[in-house]
Amino acid sequence: MTTADVSVRPALPSDLPAIARIQLAAWADLLGPDVADGLDAIELERQWAAALSDPDPRRRVLVALAGPRVVGFAAASPTQRSASDDDGWTGELVALEVEPTSRRAGHGSRLLAAAVDLARDAGAHHLGAWTMTHDPDRRAFLEGAGFAEAGLRRTLELPGPREVEEILLTAVLSPA
């Protein structure tokens, strides 16, 4: 059987260790090893297991593959403010991470395209993504995909104690 060298598919329970590993590596790369060291990989796996078992079809976790190896993941869900909108809803890209050694190979673009397609197919009219103000690469990636600053900011507390500021970028999802 022939398979693609790179692909995106829905995450499976067997992907949970890879998702936690990628999340910790990405955060260590962006925020420093002290932040990643303060997180528990087993607890991250539990949190992602809960996301995988959520019955709401608008909540999706996807993985990017290079051959059989998981090299990235994305997760999208309805925003808190729009979870029950009748005439469409706004989705939020709650995670989009590619392991540092696999970046710039198209995995992030494939994950984002799949998340956008699934949100649009499920009736979303917008997709938002929070990004740290000190992450110009992610911001450039999202803006290159059609996201624009929405004018909202928030501050997240990290282990340490440390804080980071995030900005919200949004994109209009036109009908397919």
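In this predicted model, glutamate 165 pairs up with arginine 153 in a salt bridge, with 3.2 Å between the closest N and O atoms. The partners come from distant parts of the chain: glutamate 165 belongs to strand β7 (residues 162–172) and arginine 153 to strand β6, twelve residues apart. Neither side of this pair is tucked away. Glutamate 165 has a relative accessibility of 33% and so counts as partly exposed, and arginine 153 is partly exposed too, with a relative accessible area of 45%.

This pair doesn't stand by itself. Glu165 and Arg153 belong to a network of salt bridges that also takes in Arg139, Glu143 and Glu149. Within this group, the side chains of arginine 139 and glutamate 149 meet in a salt bridge at 2.7 Å, N to O. Because arginine 139 sits in helix α5 and glutamate 149 in strand β6, the pair ties together parts that lie ten residues apart in sequence. Arginine 139 is partly exposed, at 26% relative accessible area, and glutamate 149, at 36% relative accessibility, is partly exposed as well.

Across the whole structure, a search turns up 15 salt bridges. One of them joins the side chains of arginine 138 and glutamate 97, at 3.0 Å from N to O. Here the link spans 41 residues, from helix α5 (residues 136–144), home of arginine 138, to strand β4 (residues 89–98), home of glutamate 97. Arginine 138 is partly exposed, with 22% relative accessibility. Glutamate 97, on the other hand, has a relative accessibility of just 9%; buried means under 20%, so this residue counts as buried.

Some of these charged residues turn up again around threonine 131, which is found in strand β5 (residues 124–132). Threonine 131 is buried, with a relative accessible area of 1%. Setting aside neighbours within four places in sequence, threonine 131 touches Arg138, Arg139 and Glu165, along with Leu142, Glu166, Ile167 and Leu169.

Leu169 also shows up in the surroundings of alanine 150. Apart from neighbours within four places in sequence, alanine 150 is in contact with Leu168, Leu169 and Thr170. Alanine 150 is part of strand β6 (residues 148–158). With a relative accessible area of 40%, alanine 150 is partly exposed. Glycine 128 comes 22 residues away from alanine 150 in sequence, and their C-alpha atoms are 8.7 Å apart in space.

Technical notes: Residues numbered from 1 in each chain as written. Predicted model: local features only at pLDDT ≥ 70, side-chain atom pairs only at ≥ 80, totals over all residues. Heavy atoms only, no water. Helix = DSSP H or I, 4+ residues; strand = E, 2+ residues; numbered from the N terminus. Buried < 20%, exposed > 50% of the residue type's maximum accessible area, 1.4 Å probe, protein only. Contact = heavy atoms within 4.5 Å. Salt bridge = Lys/Arg side-chain N within 4 Å of Asp/Glu carboxyl O.
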